[in-house]
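The report below goes through side-chain pairings, helix geometry and local packing in turn. Please keep the sequence and the coordinates at hand while reading.

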Amino acid sequence: MTDPASILSALEALLEEFFSPSCTNERKRVIEEQLSNFSRQSDACQLCVAFLHQTQNGYVLMFCVNLVEGVVQRSWLRMMSDEKAQVRKNVSELLVRSVTGASPSSVGGAIGGSQLPDGTFPTLPVFVRNKLCKLMVNIGRFDWPHFYPDFFNYIFQMIHNPPTRLVGIIMLRTSSEEFAAPKDDLCASRKKELRHLLNNIVPQMLTTVTGVLDGVLVSCQRSSSTPPPSPLHHSQQQPAQQQSSVAGTRGPAGGFLISTKRPLNPHRPLDTESREIALACLATLEHLTSWVAIGSNFGPSMLHTLFAFIALGCGDRSDLNAEVAVAAIGVVNELIYKKCFTQKDTQACLAVVFQNTLETLQLVTSPSPSGGGVDCSRSSRLRDLDECLIGKLAELVHILLDSHLARFPDEQPCEGAVHHFLQLAQVFTFGIRSPVQYRGSLETWLSFLEQVESSRKAAKFKQLLATVLHETLDKLMTERHPAYLEMPWGSPTSGKTDSEWETYLSKSLQVVAKMSDVDLEETCGQLLPAWQRVVGSFEAGNCSPGSLRDLASLSRAVGCLSAALNTSAYKETNHVAQVSAKLVDDLMRVIRRAEAILAHHQQQTVRADHRALVDTLIQVECECLASIQSFLYLLSGALLQHHGTPHSSVVGARERTATDIAELALEVLLNYRARGGVASGAEAAGVLVSLTAAFRLPRFVDDLLPNLVSAVSSSLLLATHVTSSDTYGSLELQVPAKCSVAVQNVCLLPWSDTNLIASSVDQRWELRGGHYEALLTILLPCTQQHSLNSSSNSGQSILTATNNNLSSSNLNNNNNHVEQQGQLMHQFLNEGDLASQAATIARKFRVAATLLEAIGSAGGIVRTKALQAQGWNLLLETATVLTANGRPEFMIAEAVIPFYKACAQVMPLQKLDHSLDRLLESIAALPALAFDSIDPKLEPYLEAVLDFLKVVLGSPAKGNIFLGRILGLALRLWSKASASQSSNLRPALIQLLHEVVSQHWRYFFPANVASLLSASGSPALDADVEHRGELVAIMNAYGCCLLQQGDLETFGLVLRSLGELQTKWNLFQRPIFRVAAGENECGLLGQFIGVLLRCLLQRSHDLLREEMLHLVFAMANTMPLDAFHQIYLPQFLMQIESLDNYQREQLVRGFHIQSDLPSFTENLNSFLTDIRYYVVCTQTLPASSVVI
C-alpha cells in the first residue's frame, strides 16, 4: 500500500479499532505491531506531517504528532538540511492553521487538506496545537542559533500578529521552559550555551510580553473612573505628604515617595480571547521570574501592568477576572520572594510594589458599590473576592511585612505611608472570612510583632498593635461570630490537639502571647476585662455553647500572660503578685463552678445535649488548670517577694494558696473518671507536678501524698478496662505518670524555708521514704510486691541506704533467682486475661521510666541517688525476668526497654550489667531470628532495643565490655533486615553501627608505640586494623543502603555517617578503605565513589544531591586529583555499558581538575550531563547502525 490516501484510511481504521471497547488484547497487540512497523518506515515522518493537514480524527492527529516528535528527538541531528527545512516549514504552516484555519501551502506535494465550504480549513484541536508548539521549540533547542537563526524572530512575529499571538506566547513560554533547563538529550556545553544565549534575549522577551499585556488593558479600558475611598479615612483627607507622586525612586530625604492617586481599576471585564492571551502571558512571566536575574530586567512599568490585572479581579465583576488576577499576583509574589529582590538596585521596584499593594488593599477593603448606603460594611467588597485571590494577596502582604518592611526609612513621607499600609493590611487580614486563610494571615502579624519587639518600636506602632490585639481577641469570641461554632472542637477525652478549632485557637493565642511580650499593659488592659465579663456571665448561669467556648478560649489566653509577667521588668513588683493571685483565684472559682455543674449532670449524660455540655465544661476545666499551672512558678516566687508585708503573713498566704490549688486539683483528679473527662484528670495531675516542685511544703506529706498514691494505684488498674495498648503519651497513661512524679517531688525534693538553711530543716526523710516505698511497690507486679514489703518490715529503709549499696554486688541477682522469679512471673501472666495483665505491667514500667526521666532532669541531688539505691532494685530484677528467655509479651518488652534506657541515663551502669547480659542472650535466642527475614511484629521491640544499645555504647566502660556482642547482634540483624525491602529496622541499625565506629574507633584501629615510629609518623593512618572482617561488614552494610532505591531515610543516614567519620577520624584515608587485599586496586573507596556517582547519574536520590556531591568531593580530596581523574573516573565509566571507548575517552578528557568545592561540583555535574547525553545518543541509534 503506497497511496498516501489509502495509508491514511488504514491508519484511521486501525486506531478507531484499537480504541474501541470491543477490541481484544490480542488484537491490540497485532495493531501495535503494525503501527510500530509503520513508524520504522523511512518516509513515516513526511507522511505523518501530511496527515496532520488531511485528517480531523483525534486519534490519528495525536499519533502523527507523537511520531514526528519522536523522530525529531531521536534523529534530528542526523537529518539532512533540506529535510529539516521541510519539516520546519510544514510544522510552521500547521501552527498557523491551528489558530486561523488559513489554507496552507502544499505539504510535500502529496496530499491536499480537506476544505470547509467557505474555502478555509478546520482548525486543529488545542492538544495538537500545544504539541506542535513543543515540536517547534524542540527544533529550536537543537538548531538555534547556528542552523535556525530566525527561531526567536519567528516567535516574535507570531506574537505581533493578532491571529497567531496566542501560539507565539505559548511557544515563548515553552522556550523558556526547555532552554533554561534542557533535558538529557543535550550535552553540558550546549546547555550552557543555550542558557547564555537565552539570557541575551530576555529583555526582548519581557518587553514583548509586557507590551501584549498593556495592549489587553488598552482594549478593555474605560473612559473614566474614580479611585475608591480608603475605609480608614471616611471623613478625613489624607496628609499632604501622602499625596506625592510616585516614580519608584527615592525622595530628597532618602525615603521612598508614596502616592495613592493613580486610578487602580479603570478597565472593563476581559472578554474570553483577551483573558486567554493574558493568562498565557502571565504564565510566561511567572516562569521567567523563576530563573531570570532581576537586575534591570524587571522594571516599574511591568509591575504597574501586573497590578492593573490584579485590580481587574478586585473591582466590579471581579468573578470574571479572578483567574487573571490570581495569575498576576502569583508573578509578583514569585518576584519578591527571590533573595536578590532585597538588593539595593531593586529599591525602585520595591517602591512600586508597595505603592500598588497599598492601592489594592484600599480597593478590596472599600465598600462595595452594590452594597448601598452608609451602612455598607467596609469589607463587603472583600466578601465578593475569589478565595484564591484573597490567599495570594495575603501572601503578598506577608512577604512585604516579613522581608521588606525594614527597608523603608523612618522618615516622612515614607513613614506615614507605611502606617497607612499597615492599617489597610490590618483591615484586610481581619476581614478574611475563611478560617484557614485567616490563620495564615496571623503569621503575618506574628512576624510583624517579632520585628517590633527586636527593633523596640512598640511606641511607634502602639495604636496599630492595640487594634491588632482587639481584632484577634474579637475573632476568638464565638458568641459574636457564631459561624466559628461549626468548627470541630474535638472531644476532651480523645487527647487530640489537631482539630480545626484547636489549630485556629493556638495560632490566635500565639499572637496574644507575642503581644504580651511587646506591650504587656495593653494586653492586660484588653484581655482581663474580657475575661472578667465571660467569668461573670458563667457565674450568672450562662452555659450556652458559645459562652462556654469563649470562657475556655480566654482562660487559655490568660495563661499566656505568665511568661511576660515573669520577665525581669515585672516580676519584682507587687503588682505582679496581686495580678497573679487574682487570676489564679478567678480560675479556681471557674473550676469549682464547673465541678458543681458536672456533679449535677453526672447522672444525665445519656442525652446528647447533656453530653455536649459535660464535654464543654471539661474543656473549660482543662484550660483553667493549664493556665493555673503556668502561673505556679511565678506565684511561688512573687509571694515571697511581696514587699512591705510581714514574713509570717507572706508564708501563710503562700501556704494557703498552695493548699487551695492542691485541694482543687485533687478534687478534679478524683472525679475525672466518673465524669468521663480523662483530659481534665491529666491536666490536674500536671498542676500537682508543678505545684509540688514550686511549693515544697511539709504539709503536703500528710495532706497530699496518701491521696496521690491511691490515685496512682487506681488509675493504673482502671486504665486496663479502657484500652490495652496505650501509647507513651496517651491521656490514660499521663494521669498515673504525672501523679507518680508529683509523689516523687514530695518525697525527694528538699523542703525550703526562707529563714533557715535547707540542711537545718527537719526533712523527715524516714516518713517520706515510706511513701516513696509505697509508690515503688505499686509499680511492681503482684508477684514481686511482697519482696519490697518484707524488706520494709525488716526495718531496712530505702532512705537510709548508703551510696555503697549502689555498686554492691549483692544487688545483682544470680541466674537461679532470676529463673525462679521468671517461673512465678510466667505463672502470673498465664492466670486470667494475658493481654490485660501484660498491659498493666507495661503501663507500670512506662510510669517507672517517667520517674527516672524526672530524676535525671532534676539534677545531681544526692538524696535522690540514695532514695533510688534499693527502691529500683526489684524493678530492675523484674525487668530482667520479663526480657529473659525470649518472652513473647512484646507489649511488656516495648515498655521495659525504655525503662532500661532511663536507668542507663540516671543510674550507674554497673547496676545494668546483669540485665544487659540477659537482654542480649534473650534476643540472640529469639526463635524468630532463625528465619531469613524478621517478623514485622517483632520490629518495634527490636527497634527499641537498638535505641537502648546506642545509649550503652555511649559509655566507654560498658561499651567496651559489651561491644563485641552488640556488634555481632547488629550484624546478624542486618543480614535479615537487608533481605526485606520493607524492613523498618535499617535506619536504627545504621545508627547503631555508626555509634560503634564513631564512639569505639580504637576497637578497629588501636594506637600503640610502634605506630608512632612508622614511616609517616601518623598512628591515625598507619595503625594495624583489628577486627577487619567486622569493619568490612559495616562498610558493606553502608554500601547496601546506598544501592537501595526506595529507602531515602537510610540513604541519608549513611551519607551523614560517612561524612562524620571522615571529619572525625579521616576514614577515607585508611589503607583498608583505599586498597583492599585480594580485591580490585581501588578498594572500598572506589566502590563508594562508583555507587555515589551512579546515584547522581540516575537521579534516584536527588533530594540528597548536595550531600552526595559533598561526599564525593571529600573522597576525591583525600588523594591527588590526578588519581581521581585517571583511576576512579575511568573505572566508573567502564561500568556503563551504553558507552564506547571513544566516548569514555572524551568524557575523561573533558573533566577539568579543580580542587575547590564549587568548581569540582560544577565540573562533576557537567561530566554526568555529558554521560547522559552520550547514553541517549547511543540508545536512539537505529538497530542496524554501525559505529565507526
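## Aromatic pairs

In this predicted model, the structure holds 34 aromatic pairs. One of them brings together Phe151 and Phe152, whose ring centres lie 5.0 Å apart and whose planes meet at 75°, and because planes over 60 degrees apart count as edge-to-face, the pair is placed in that class. Phe151 and Phe152 are both buried. Another pair, formed by Phe1068 and Phe1073, is tilted, with 5.3 Å from centre to centre and 40° between the planes; Phe1068 and Phe1073 are likewise buried.

Aromatic residues also assemble into a cluster, which is made up of Phe430, Tyr438, Trp445, Phe448, Phe461, Tyr484, Trp501 and Tyr504. Tyr438, a member of that cluster, has the charged end of Lys475 sitting over its ring, at 4.9 Å from the ring centre. A comparable arrangement involves Arg141, whose charged end sits over the ring of Phe142 at 5.1 Å from the centre.

## Salt bridges within helices

The count of salt bridges comes to 34. One of these joins the side chains of Glu177 and Arg173, with an N to O distance of 3.9 Å, which falls within the 4 Å cut-off. Both residues belong to helix α8 (residues 165–180), where they are 4 residues apart, about one turn of the helix. An α-helix has 3.6 residues a turn, so residues three or four places apart point the same way. Glu177 counts as partly exposed at 33% relative accessibility, and Arg173, with a relative accessible area of 26%, is partly exposed too.

Helix α9 (residues 188–200) offers a related case, in which Arg190 and Glu193 are 3 residues apart and therefore separated by about one helical turn. Their salt bridge has its closest N and O atoms 2.9 Å apart. The two partners fall on opposite sides of the cut-off for burial, which is set at 20% relative accessible area: Arg190 counts as buried at 10%, whereas Glu193 is partly exposed at 27%.

## A salt bridge between helices

Which parts of the chain does the pair of Arg556 and Glu623 tie together? Arg556 forms a salt bridge with Glu623, and the closest N and O atoms are 3.6 Å apart. Because Arg556 lies in helix α22 (residues 545–559) and Glu623 in helix α25 (residues 608–640), the pair ties together parts that are 67 residues apart in sequence. Arg556 is partly exposed, with a relative accessible area of 21%, while Glu623 counts as buried at 7% relative accessibility.

Salt bridges that share partners also build a network, which joins Glu69, Lys131, Lys134, Glu178 and Lys183.

## Cysteines

How many disulfides does a search of the whole structure find? The search finds 0 disulfides. A disulfide is a covalent bond between the sulfur atoms of two cysteines. For Cys622, the closest cysteine sulfur is that of Cys624, and because the two sulfurs are 9.4 Å apart, they are too far from each other for a bond. Cys622 itself counts as buried, at 6% relative accessibility.

## Helix spans and burial

The geometry of two helices can be checked against their expected rise. Helix α45 (residues 1028–1043) has 16 residues, which at 1.5 Å a residue should span 22 Å, and its end C-alpha atoms are 23 Å apart, in agreement with that expectation. The buried residues of α45 are Leu1031, Ile1034, Met1035, Ala1037, Tyr1038, Gly1039, Cys1041 and Leu1042.

The 12 residues of helix α39 (residues 913–924) should span 16 Å by the same reckoning of 1.5 Å a residue, and the 17 Å between its end C-alpha atoms agrees. In α39 the buried residues are His914, Ser915, Leu916, Arg918, Leu919, Leu920, Ser922 and Ile923.

## The surroundings of Ile310

Ile310 is found in helix α12 (residues 300–312). At 1% relative accessibility this residue counts as buried. Leaving aside residues up to four places away in sequence, Ile310 touches Ala325, Ala328, Ile329, Val332 and Thr360. With Ala325, which is 15 residues from Ile310 along the chain, the separation between C-alpha atoms is 4.1 Å.

Terms used
Residues are numbered from 1 along each chain as its sequence is written. This is a predicted model: local features need pLDDT of at least 70, side-chain atom pairs count only at pLDDT 80 or more; totals for chains, interfaces and linings use all residues. Side-chain values use heavy atoms; hydrogens and water are left out. Helices (H or I, at least four residues) and strands (E, at least two) are DSSP runs, numbered from the N terminus. The expected span of a helix is 1.5 Å times one less than its number of residues. Buried means under 20% relative accessible area, exposed over 50%, partly exposed in between (1.4 Å probe, protein chains only). Contact means heavy atoms within 4.5 Å. A disulfide is a pair of cysteine sulfur atoms within 2.5 Å. Rings of Phe, Tyr and Trp (its six-membered ring) pair if their centres lie within 6.5 Å; planes under 30 degrees apart count as stacked, over 60 as edge-to-face and the rest as tilted. A charge sits over a ring if NZ of Lys or CZ of Arg is within 6 Å of the ring centre and within 35 degrees of the ring normal.
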